[in-house]
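Reader: I would like to go through this model term by term. Please justify each label as we go.

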Amino acid sequence: MSTNEASENPESRFSTALVSAAGLPGVRIPRGAYLRSALARHCSEEQVRRAIEETPAAAGIPLEVLDKAANDSINYESAKVSTLSAAAGIPGLIFLPATVSADLAQYFGHMLRIAQKLAYLYSWPDLSSGDSDEIDDATKGVLTLFFGVMFGTQSANSAVGKVAGMMSEQVAKKLPQKALTQGVVYPMVKKVAKHLGVEMTKKTFANSVSKAIPLVGAVVSGGLTLATYRPMAKRLKKHLAGLELTKPADQAVDADVVDVEVVEVHEPSAADRTGRHDADDTAVEPKSPRAS
């Protein structure tokens, strides 16, 4: 496929933008460091350690704690991306081609940042590709689906649920490579990428209009970015939080034995449950705000 043909292909256009944004400095989120920073205020050292070595769900971290950490990260990233977008709008029409491409890259970069943070909180595996600066095809596929969820694409919701189900059934610590690159999920990835390529063109046009007038364009651009970024991040958060992958291990045990009359030895007592809930309530008491 020629360069011109690729530029006219919405799927290729989106994939190129995704890979470019993923290579920007500061876009990659180190999973272990982020989980420690996000959870240390609310969880014990043992919970944090197990969340990093396994998953927050395996560590038994309550969903309300994960939701609070997720909201903190969304607020932090929303503030950053709207400020950068406003700054990019200041030069005005004369610098329009450069500012639009830079702003779109920043926007996609921050979408990737919040997608990684939410994925790690809600028990998805590391989305980095070792020491390489490039993302592999399976990671690109799942990030495409995350973007699709952000944009409200129903097929992306379904595909993310399928991938999460595969990992939950296999207790896997890696993405299902085959399903995302050539198996049952791959056609959905391609469909979502094509849709996002069209949406990306619409956003580029909207940015061009908002930046045409200096200073006024900065205010409009920053406001539009904040108005779109935060709801999209919240949409992804809600979807990931509702997947089976996120449920703490102790909840899964409780659900399995709810109809069993004879209590197994490993089943926690009522007193243990009460103590755990009290600890959860203590863990989510408001603390002083801190950058994620």
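Reader: Leaving aside neighbours within four places in sequence, which residues is valine 27 in contact with?

Author: First, a caution: this is a predicted model. Valine 27 is in contact with Ala21, Ala22, Gly109, Leu112, Arg113 and Gln116. Contact here means heavy atoms within 4.5 Å.

Reader: Where is valine 27 found?

Author: Valine 27 sits in the loop between H2 and helix H3, residues 31-39. Its C-alpha atom is 9.4 Å from that of isoleucine 114. Those two residues are 87 apart along the chain.

Reader: Why is valine 27 called buried?

Author: The label needs a relative accessible area under 20%. Valine 27 has 6%, so it is buried.

Reader: What makes H2 roughly perpendicular to H7?

Author: Two packed helices are described by the angle between their axes and the distance between the axes. For helix H2 (residues 10-22) and helix H7 (residues 137-150), the axes cross at roughly 105° and come within 11 Å. The range for roughly perpendicular is 65 to 115 degrees. The crossing angle falls in that range, so H2 is roughly perpendicular to H7.

Reader: Which residues make the contact of H2 and H7?

Author: H2 contributes Phe14, Leu18 and Val19. H7 contributes Lys140, Leu143, Thr144 and Phe147. By class, the contact has 5 nonpolar, 1 polar and 1 charged residues.

Reader: How many aromatic pairs does the count come to?

Author: The count is 4 aromatic pairs. One of them joins phenylalanine 14 and phenylalanine 108.

Reader: Why is the pair of phenylalanine 14 and phenylalanine 108 called tilted?

Author: A pair of aromatic rings is described by the distance of the centres and the angle of the planes. Here the centres are 6.0 Å apart, and pairing requires them within 6.5 Å. The planes are at 55°, which is neither under 30 degrees nor over 60, so the pair is tilted. Phenylalanine 14 is in helix H2 and phenylalanine 108 in helix H6 (residues 96-121), 94 residues apart. Both are buried.

Reader: What makes the pair of phenylalanine 108 and phenylalanine 147 edge-to-face?

Author: Their planes are 65° apart. Edge-to-face means over 60 degrees, so the label fits. The rings are 5.4 Å centre to centre. Phenylalanine 108 lies in helix H6 and phenylalanine 147 in helix H7, so the pair ties together parts 39 residues apart in sequence. Both residues are buried.

Reader: Which residues form one aromatic cluster?

Author: Phe14, Phe108 and Phe147 do.

How values were computed
Residues numbered from 1 in each chain as written. Predicted model: local features only at pLDDT ≥ 70, side-chain atom pairs only at ≥ 80, totals over all residues. Heavy atoms only, no water. Axes fitted to C-alpha atoms, helices over the stretch in contact; angles between N-to-C directions. Helix = DSSP H or I, 4+ residues; strand = E, 2+ residues; numbered from the N terminus. Parallel < 35°, antiparallel > 145°, perpendicular 65-115°, else oblique. Nonpolar A, V, L, I, M, F, W, Y, C, P; charged D, E, K, R; others polar. Buried < 20%, exposed > 50% of the residue type's maximum accessible area, 1.4 Å probe, protein only.
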